[in-house]
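Visitor: I'd like to learn how to read a few features in a structure like this one. Could you take me through them?

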Amino acid sequence: TADLWNALSQASGKPVGEIAAGWIEQPGFPVVKVKRDGENVSLTQERFTIHFPNAPALQWKIPLTYFFVGDAKPQNRLMTEKGDKLQNIPVDRVLKLNADGAGNYRVQYDEPLWKRLLDSLTKLSVADRVNLLGDAWAFVQANRAPLSTYFDLIEKVPAGVELAEREQIINAFDYINRLLIGNSARGKFQDYARSILRPTFDQLGWEPRKDETPGAALLRASLIEALGDLNDQQIVAGCRERFQKYVVDSGSIPPDLRASIFHVVGHYADDATWSKLHNLGLKTTSTEEKQNYYDALAAARDPKLVAKTLQISLTDELPTSRAVFLVGKVARDSDHPDLAWDFAKANMKALLAKSDALGVNRYAPSLFTFFSEESRADELKSYAKANLPAASAKEVAKAVDEIQFRSEFKKRLAN
């Protein structure tokens with residue numbers, strides 16, 4: 001490795017080895033905090049972490065890029081110390097760091113800079129807007145910013161059907177929606193999330209267009225599933241209608257929409273619909289189609305149907321590797337991770353017989369990562385002590401950390 005860095009340093013005339021050392025010899029990555037004072041902009045780096053209190057302080061040599069909104073070409077600067085300063089920055093220009101989000105660092109702006117960036121979103125590239133979205137969401141998760149900071153940003157994102165931009169928002173909304181299961185704030189959040197996502201779906205429509213990009217097709221599928229999970233009853237009705245036609249004519253739904261439509265239909269299924277999906281799954285010889293049908297069964301939210309889906313994991317309907325992970329899909333998609341865990345706990349021996357050797361260490365901990373109650377962390381530790389080998393300690397610790405983070409984050413969301 002040293003020879004490689006030396007060769008790159010000689011070829012580029014830059015201290016590549018010195019820069020690379022901080023990125024490959026220590027964990028994590030930095031956040032650069034930006035504060036403006038007239039024509040001077042101060043930069044301060046620190047380690048960025050989520051749910052890692054008292055993390056050891058680290059420092060990097062950061063290849064920064066920055067530009068003024070409206071300029072085509074970014075400027076470069078190597079940040080070698082904890083603090084740095086940009087001078088003679090015109091007060092009437094809007095500054096953004098990390099052009100196109102290409103650098104492996106986050107950027108946190110002071111309030112005046114942030115507000116000016118929000119007012120300039122339409123002038124930024126999609127890549128730069130995605131970069132701002134990703135950073136803002138990460139700062140909310142890390143408790144560096146309130147949720148309103150992220151919402152203020154997405155409300156100013158220009159209307160459009162850019163896949164990367166909308167997928168970032170969809171993923172954040174999905175995380176929040178799952179955390180709020182059983183919480184009285186969930187309905188209000190779902191109303192808000194639908195108001196953000198539905199206009200994009202209405203722009204795309206249900207039917208593919210001849211001149212649309214592959215990204216538009218992917219986004220349509222993501223929006224159908226997201227809006228269905230957010231209880232958009234028009235989307236639910238549209239999925240049900242299309243599924244009924246599909247049962248008669250399997251060519252009536254484009255292949256790239258089937259998984260999403262089946263997911264929504266399965267999530268709100270009654271017993272008759274669940275049986276139709278199950279029968280389709282039993283009859284098909286296509287591996288992809290079978291996966292779509294059984295994933296839809298795993299999404300059912302009716303507790304009685306959850307129990308029926310879980311029982312499938314003990315049969316030979318699915319290959320063993322897929323059968324054992326059906327329980328995890330139920331935990332994630334059904335709104336009932338508690339039922340999935342109770343089932344797994346009662347049938348652990350049979351489930352682990354379908355798994356590989358490493359599954360013994362990670363299977364039970366993986367099912368706990370869908371919980372967000374602090375008491376579940378204690379439950380996992382007790383279960384692991386009594387039932388899991390010592391080699392599972394790392395997986396248990398990771399799951400406990402995830403539960404504790406989700407618990408703390410949910411409290412902030414509810415407030």
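Guide: Let's begin with residue classes. Ala, Val, Leu, Ile, Met, Phe, Trp, Tyr, Cys and Pro count as nonpolar, Asp, Glu, Lys and Arg as charged, and the others, Gly among them, as polar. Keep in mind that this is a predicted model.

Visitor: Okay, so how do I find empty space, and how many cavities of 30 Å³ or more does the structure hold?

Guide: The general idea is simple: rolling a probe the size of a water molecule over the atoms shows where empty space is left. Here the structure holds one cavity of 30 Å³ or more. The space in the largest cavity comes to about 60 Å³.

Visitor: Which residues line the largest cavity?

Guide: Lys290, Gln291, Tyr294, Asp295, Leu318, Arg322, Leu326 and Lys329 do. Sorted by class, that lining has four charged, three nonpolar and one polar residue. Two helices, α12 (287-298) and α14 (320-333), each supply at least two of the lining residues. The most comes from α12, with four residues.

Visitor: On to aromatics. How should I read a pair of rings?

Guide: A pair of aromatic rings is described by the distance of the centres and the angle of the planes. A search of the whole structure turns up 21 aromatic pairs. Take tyrosine 150 and phenylalanine 151: their ring centres are 6.4 Å apart and their planes are at 50°, so this pair is tilted.

Visitor: Are those two, tyrosine 150 and phenylalanine 151, buried or exposed?

Guide: Tyrosine 150 is buried, at 0% relative accessibility. Phenylalanine 151 has a relative accessible area of 15%, and is buried too because the cut-off is under 20%. Both belong to one aromatic cluster, together with Trp137, Phe173, Tyr175, Phe189, Tyr192, Phe405 and Phe409.

Visitor: And where do charges sit over ring faces?

Guide: Look at arginine 242, which lies over the face of tryptophan 206, at 3.8 Å from the ring centre. Arginine 376 lies over the face of phenylalanine 371, at 4.0 Å from the ring centre.

Visitor: How do I read the buried residues of a helix?

Guide: An α-helix has 3.6 residues a turn, so residues three or four places apart point the same way. In helix α5 (residues 147-156), the buried residues are Thr149, Tyr150, Phe151, Leu153 and Ile154. Their cover includes α3 (111-118), α4 (126-141), α6 (163-179) and α7 (186-204).

Visitor: What about backbone angles? Which residues should I look at?

Guide: Try asparagine 88, where phi is near 60°, a positive value in a residue other than glycine. Asparagine 88 is in the loop between β5 (83-86) and β6 (95-97). Asparagine 98 also has a positive phi, of about 60°, although it is not a glycine. You'll find asparagine 98 in the loop between β6 and β7 (106-109).

Visitor: How does burial look for asparagine 88 and asparagine 98?

Guide: Asparagine 88 is exposed, with a relative accessible area of 62%, whereas asparagine 98 is buried, at 1%.

Visitor: One last loop, please. Where does threonine 80 lie, and what does threonine 80 touch?

Guide: Threonine 80 lies in the loop between β4 (75-79) and β5, and counts as partly exposed at 31% relative accessibility. Leaving aside residues up to four places away in sequence, threonine 80 touches Gln59, Trp60 and Lys61. As for proline 199, which is 119 residues from threonine 80 along the chain, the two C-alpha atoms are separated by 45 Å.

Note on methods
Residues are numbered from 1 along each chain as its sequence is written. This is a predicted model: local features need pLDDT of at least 70, side-chain atom pairs count only at pLDDT 80 or more; totals for chains, interfaces and linings use all residues. Side-chain values use heavy atoms; hydrogens and water are left out. On a 1 Å grid over the protein atoms alone, a cavity is a set of points where a 1.4 Å probe fits but cannot get out, and a pocket is an open set with protein on both sides within 12 Å along at least five of seven lines; lining residues have an atom within 4 Å of a point. Grid points are joined across faces, edges and corners, and a volume is the space filled by probe spheres set on the points. Rings of Phe, Tyr and Trp (its six-membered ring) pair if their centres lie within 6.5 Å; planes under 30 degrees apart count as stacked, over 60 as edge-to-face and the rest as tilted. Buried means under 20% relative accessible area, exposed over 50%, partly exposed in between (1.4 Å probe, protein chains only). A charge sits over a ring if NZ of Lys or CZ of Arg is within 6 Å of the ring centre and within 35 degrees of the ring normal. Contact means heavy atoms within 4.5 Å.
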